[in-house]
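Please look at the sequence and the model below before reading on. The paragraphs that follow begin with a single side chain and widen step by step to the whole chain.

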Amino acid sequence: ELGAERSYGVGMFFFPQDELKRNQIVMDILNKNLLTYHYQPIVNAHDGSIYAYEALMRSKTGEVSPFQIIKSATYLNRLNDVERFTLLNVTSEVTQNPEQFGSAKIFINSLPGIEIPEADEREFEARLVENDGRFVIEFTEESELDDKQLDSMKLKYERYGCRIAVDDFGAGYSNVNNLLRYMPQYVKIDRMLIMKIQDNPQKQHFVRSIIDFAHDNGIRALAEGVETGDELIECLRLGVDLIQGYYTGRPERIPIAEIDPEIRSQIEEFRLQNMDWRAV
């Protein structure tokens with residue numbers, strides 16, 4: 001059971017009752033593997049087809065948010081459980097239900113540097129082999145990995161046919177040097193840069209530079225958090241390869257087979273009017 005106090009540096013740190021309750025709920029979720037995943041479409045910006053899905057963590061109980069799960073798991077020293085359940089649950093679901101996912105790739109969020117038990121690692125690797133080339137491992141570029149750890153991780157995923165995506169690029173202290181270290185196959189442009197981008201020339205200039213750098217280095221650029229038609233059109237104008245956000249599709253427990261026909265037509269119409277636009 002969780003106590004109401006915890007030694008924290010010097011003095012005592014008091015947890016509010018609601019936080020204690022949340023930690024207890026998360027402990028129970030992790031003890032029983034009550035994590036589930038909803039799948040958000042990632043759309044091909046060339047023709048509006050579904051290119052991939054991102055697996056987004058939820059709890060089966062619905063009592064706590066993904067952010068709260070990660071926060072409590074960090075306090076409880078249970079991030080390794082979040083990592084192993086995510087890797088195993090998602091790869092198992094995709095393997096057992098191929099008809100739900102078609103030929104789409106699956107983006108899985110990972111916590112680099114978090115080790116999982118050897119038996120679970122072998123099971124995960126076996127699923128990667130079985131689904132050769134289907135999975136994309138996604139992590140934030142501020143993950144604290146030294147060059148040796150990073151090279152080892154990249155070699156492992158390359159061996160099993162996985163691709164790598166860097167998430168939330170452009171947030172915080174991100175820089176091109178970090179992107180050069182990771183050299184992923186996909187770079188996901190942070191949603192804060194995409195929000196109301198049609199009204200902000202500075203955002204447009206910065207996002208254009210990210211896209212140009214990505215294309216010059218064989219990396220696909222994905223715009224995250226696209227929530228309006230104006231944001232979509234501006235991202236298409238700037239040359240992104242992939243679109244993800246509530247405007248093109250919300251996360252669903254059973255992945256949608258295609259996006260809204262009107263939105264797909266919007267993408268196709270843009271392409272027809274801009275025939276020199278770069279395709280995925």
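In this predicted model, the side chains of Thr-36 and Arg-253 are joined by a polar contact of 3.1 Å. Where does Thr-36 lie? Thr-36 belongs to strand β3, which covers residues 35-44, and this threonine has a relative accessible area of 10%. Because that value is under the 20% that serves as the cut-off, Thr-36 counts as buried. Leaving aside residues up to four places away in sequence, Thr-36 touches Arg-253 and also Leu-56, Met-57, Arg-58, Ser-59 and Lys-60.

Several of these neighbours bring us to the next strand, β4, which spans residues 50-59. Strands β3 and β4 pair in the antiparallel sense, and 9 bridges hold the pairing. Two places along this pairing can be found by eye: Leu-35 has Ser-59 in β4 as its bridge partner, and Ile-42 stands opposite Ala-52 in β4. The two strands form a hairpin with 5 residues between them, and in this hairpin Gly-48 takes a positive phi near 80°. Strand β4 is itself mostly covered, since 9 of its 10 residues are buried. Besides its pairing with β3, β4 pairs in the parallel sense with strand β5, residues 105-109, over 4 bridges, and here Ala-55 has Ile-108 in β5 as its bridge partner.

Following the strands from one to the next leads around a closed barrel of 8 strands, in the order β3-β4-β5-β6-β7-β8-β9-β10, with mixed pairing. Further along this barrel, strand β7 (residues 163-169) runs parallel to β8 and is joined to it by 3 bridges, with Ala-165 standing opposite Tyr-186 in β8. On to the next strand, β8 is joined by 4 bridges to β9, residues 220-223, and these two also run parallel; Val-187 has Ala-221 in β9 as its bridge partner.

Which residues of β8 lie on each of its faces? In a regular strand the side chains alternate between the two faces of the sheet. In β8, which holds residues 186-189, Tyr-186 and Lys-188 lie on one side while Val-187 and Ile-189 lie on the other, and all four are buried, which leaves both faces of the strand covered.

The same kind of reading can be applied to a helix. Helix α10, residues 229-238, is mostly covered, with 7 of its 10 residues buried. These are Gly-229, Glu-231, Leu-232, Glu-234, Cys-235, Leu-236 and Leu-238. The elements that cover them include the helices α8 (191-194), α9 (201-216) and α11 (261-273), together with the strands β9 and β10 (242-243). Just after α10, Gly-239 takes a positive phi of about 100°.

We can now turn to the side chains that gather inside the protein. In soluble globular proteins, nonpolar side chains tend to be buried together. In this model the largest nonpolar core has 71 residues, and those with the most contacts inside it are Leu-35, Val-90, Ile-106, Tyr-157, Ile-189 and Ile-243. Helix α3, residues 79-96, supplies the largest share of this core, namely 7 residues. A second core, separate from this one, has 9 residues, among them Ala-52, Phe-107, Ala-165 and Leu-222. As for Tyr-157, when residues up to four places away in sequence are not counted, it touches Ser-110, Phe-124, Leu-128, Ile-137, Cys-162 and Ile-164.

How much space lies in the largest pocket? The volume comes to about 1,200 Å³. This pocket is lined by 36 residues, and those nearest its centre are Glu-54, Leu-56, Asn-109, Asp-167 and Asp-168. At least two lining residues come from each of β3, β4, α2 (66-75), α3, β6 (135-140) and β7. Leu-56, one of the residues nearest the centre of the pocket, is also among those that Thr-36 touches.

Finally, it helps to step back to the protein chain as a whole. Its secondary structure comes to 11 helices and 10 strands, and of its 280 residues 50% count as buried. Among contacts between residues at least 6 apart in sequence, 68% join residues at least 24 apart.

Note on methods. Residues are numbered from 1 along each chain as its sequence is written. This is a predicted model: local features need pLDDT of at least 70, side-chain atom pairs count only at pLDDT 80 or more; totals for chains, interfaces and linings use all residues. Side-chain values use heavy atoms; hydrogens and water are left out. Buried means under 20% relative accessible area, exposed over 50%, partly exposed in between (1.4 Å probe, protein chains only). A polar contact is a pair of N or O atoms within 3.5 Å; within protein, one must be able to donate a hydrogen and the other to accept it, and residues adjacent in sequence count only if both atoms are side-chain atoms. Contact means heavy atoms within 4.5 Å. Two strands pair if DSSP finds at least two bridges between them. A nonpolar core is a set of buried Ala, Val, Leu, Ile, Met, Phe, Trp, Tyr and Cys residues joined through side-chain atoms within 4.5 Å. On a 1 Å grid over the protein atoms alone, a cavity is a set of points where a 1.4 Å probe fits but cannot get out, and a pocket is an open set with protein on both sides within 12 Å along at least five of seven lines; lining residues have an atom within 4 Å of a point. Grid points are joined across faces, edges and corners, and a volume is the space filled by probe spheres set on the points.
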